[in-house]
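Here is a short report on one protein chain. Look at the sequence and the model first, then read on.

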Amino acid sequence: MAVLPLTPTPFFENKNQAFWNLQLAGWGGTAVLRAMSAFAGGQPLEFFFVILIAMITGFSISLILSVVYAYLIRQRPLVTWGGTAVALAIAVSVYSFIDSWVLGLTGSSGDSDFVRIFIGIYFFDLTLLGAWSALYYAINFFLQVEQQADRLERLEAQATSAQLAMLRYQLNPHFLFNTLNSISTLVLLKQTEPANAMLTRLSSFLRHTLVTQPGGKVTVAQEVETLKLYLEIERMRFEERLQTDFRVEEKAAKAQIPSMLLQPLIENAIKYGVSPQEEGAEISLLAQIVGPRLRITVSDTGPGVDVVGTSDDLPAVMATHKRRDSTGVGLANIRDRLAQAYGDDHRFEIRSPESGGFTVLIEIPHEFADQMEPSAAPPATTAGKPASASAVATENSPQKVSTAK
């Protein structure tokens with residue numbers, strides 16, 4: 001199952017390195033500003049030594065505070081903020097005491113006594129270490145929020161992948177039930193050779209489908225090759241009654257779609273289009289690039305359906321006397337998989353003209369398989385009939401349309 005990696009902000013990818021970079025930049029910048037201020041105020045050279053000691057002291061105290069804060073930030077809010085206030089007050093007192101003592105030793109404080117110097121420096125050091133503490137917590141809380149967002153994104157991706165896998169796995173029992181039922185019929189009719197051939201082709205088809213990941217994507221060309229394996233199984237039953245017309249544009253052949261997306265459509269076309277009619281039917285597939293979108297149209301020349309009375313949230317039309325015993329698994333499955341993979345950025349329409357026939361139109365964003373070399377594009381025609389306009393004939397005839405996104 002594919003998982004999204006945690007991807008922190010590049011600067012904080014190495015937290016330890018980022019901490020030291022900020023420490024050196026922050027305290028170094030403070031030292032430069034104080035030195036420039038002292039130079040502009042005409043302070044003697046000895047005062048720059050006081051600034052250097054003050055910055056080294058502040059740097060060292062902030063290192064101790066970072067250890068204390070790293071412990072406090074993992075505690076309850078009351079403990080965190082209470083402990084921070086106490087630690088900051090102690091740190092500022094120690095910092096101010098050292099600064100006052102150094103100023104007294106160097107004589108830079110003039111005639112002021114130690115207490116006055118301490119009180120004057122205390123508020124300056126409080127501002128400095130208070131700003132450092134605020135920045136420390138702000139950065140660490142930001143990193144915690146970022147990690148939680150990344151973790152949530154990863155969990156959502158796992159949930160989506162699991163649901164896609166569930167939808168994909170739902171197809172296999174559905175397909176196997178229909179195929180094994182056909183094999184059982186052949187056995188009852190004592191047609192052992194066709195039954196044996198169908199079992200062999202079924203094993204080849206299942207072996208082929210196991211190659212792709214449940215939530216993965218394949219090229220249209222690869223999906224069509226899988227469909228051909230499935231059609232080889234069904235031709236054992238229907239022979240000349242099953243005609244196909246597959247047309248895939250060269251660019252469309254390299255586009256990516258969710259694996260096993262089209263197989264339920266072909267299965268439905270055989271079950272409800274070819275099987276009920278003595279003369280059979282033709283199944284057409286057209287894949288083309290329309291602007292930035294990939295459009296796939298699957299249609300059959302079967303009896304069609306009545307689309308009156310469908311709900312807006314249903315991907316499938318209501319079953320009528322023309323197409324009975326529909327479980328709705330295939331079309332509902334496709335609807336859910338498209339919603340999981342593309343959200344609202346897809347088009348899923350079911351069309352049935354008054355004269356008969358059934359068409360499903362899928363339109364999704366065109367995703368080019370950059371790192372995938374698809375197999376050779378399938379031939380323009382299959383099994384018996386030359387390429388014709390049958391795949392798009394329903395586009396130009398009066399139709400009823402049911403749309404689901």
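## A buried threonine

Thr84 is buried, with a relative accessible area of 8%. The cut-off for buried is under 20%, so Thr84 qualifies. The model is a predicted one. Thr84 has its place in helix 3, which covers residues 77–106.

What does Thr84 touch, not counting residues up to four places away in sequence? The answer is Tyr69, Leu72, Val79 and Tyr137. Two of these names, Tyr69 and Tyr137, return below in a cluster of rings.

## The whole chain

Now step back. The protein chain has 405 residues, and 42% of them are buried. The chain holds 10 helices and 8 strands.

Consider contacts between residues at least 6 apart in sequence. Of these, 75% join residues at least 24 apart. The chain exposes about 21300 Å². Carbon and sulfur atoms supply 61% of that area.

## Two nonpolar cores

How many residues does the largest nonpolar core have? It has 48. Leu262, Ile266, Leu294 and Ile362 have the most contacts inside this core. Helix 6, residues 220–238, gives the core its largest share, 8 residues. Another core lies apart from this one and has 28 residues. Ile51, Phe59, Val102 and Ile117 are among them.

Take Leu262 as an example from the largest core. Leave aside its neighbours within four places in sequence. Leu262 is then in contact with Glu223, Leu227, Ile257, Leu285, Ile296 and Ile362. One of these partners, Ile362, is also on the list of residues with the most contacts inside the core.

## A covered strand

Is strand 2 mostly covered or mostly open? Strand 2 runs over residues 242–248, and it is mostly covered. Of its 7 residues, 6 are buried.

Strand 2 pairs with strand 4, residues 281–290. The pairing is parallel and spans 7 bridges. Thr244 stands opposite Ile283 in strand 4.

## Aromatic pairs

The structure holds 12 aromatic pairs. One of them joins Trp20 and Phe59. Their ring centres are 6.2 Å apart, and the planes differ by 35 degrees. This pair is tilted. Trp20 lies in helix 1 (residues 15–40) and Phe59 in helix 2 (residues 45–72), so the pair ties together parts that are 39 residues apart in sequence. Trp20 is partly exposed, at 35% relative accessible area. Phe59 counts as buried, at 18%.

Tyr137 and Phe141 form a stacked pair. Here the centres are 6.0 Å apart, with 25 degrees between the planes. Both residues sit in helix 4 (residues 114–188), and because they are 4 residues apart, about one helical turn separates them. Tyr137 is buried, at 4% relative accessibility. Phe141 is partly exposed, at 31%. Both belong to a cluster linked by ring pairs, along with Tyr69, Trp81, Trp132 and Tyr136.

## Salt bridges

Side chains of opposite charge can pair when their charged atoms come close. How many salt bridges does a search of the whole structure find? It finds 10.

One joins Glu367 and Lys217, at 2.7 Å from N to O. Why does this pair tie together parts that are 150 residues apart in sequence? Because Glu367 lies in the loop between strand 7 (358–365) and helix 10 (390–393), while Lys217 lies in strand 1 (residues 217–219). Glu367 is partly exposed, with a relative accessible area of 26%. Lys217 is also partly exposed, at 28%.

## More charged pairs

Arg247 forms a salt bridge with Asp245. Their closest N and O atoms are 3.9 Å apart. Asp245 is buried, at 0% relative accessibility.

Arg335 forms a salt bridge with Asp336, and the closest N and O atoms are 2.7 Å apart. Arg335 is buried, at 19%. Asp336 is partly exposed, at 28%. Other salt bridges share partners and build one network. Its members are Arg293, Arg295, Asp345, Arg347, Glu349, Arg351 and Glu363.

Notes:
Residues numbered from 1 in each chain as written. Predicted model: local features only at pLDDT ≥ 70, side-chain atom pairs only at ≥ 80, totals over all residues. Heavy atoms only, no water. Core = buried A, V, L, I, M, F, W, Y, C linked by side-chain atoms within 4.5 Å. Buried < 20%, exposed > 50% of the residue type's maximum accessible area, 1.4 Å probe, protein only. Helix = DSSP H or I, 4+ residues; strand = E, 2+ residues; numbered from the N terminus. Contact = heavy atoms within 4.5 Å. Pairing = 2+ DSSP bridges. Areas by Shrake-Rupley, 256 points an atom, 1.4 Å probe, with all protein chains shown as cover. Phe/Tyr/Trp six-rings, centres within 6.5 Å; stacked < 30°, edge-to-face > 60°. Salt bridge = Lys/Arg side-chain N within 4 Å of Asp/Glu carboxyl O.
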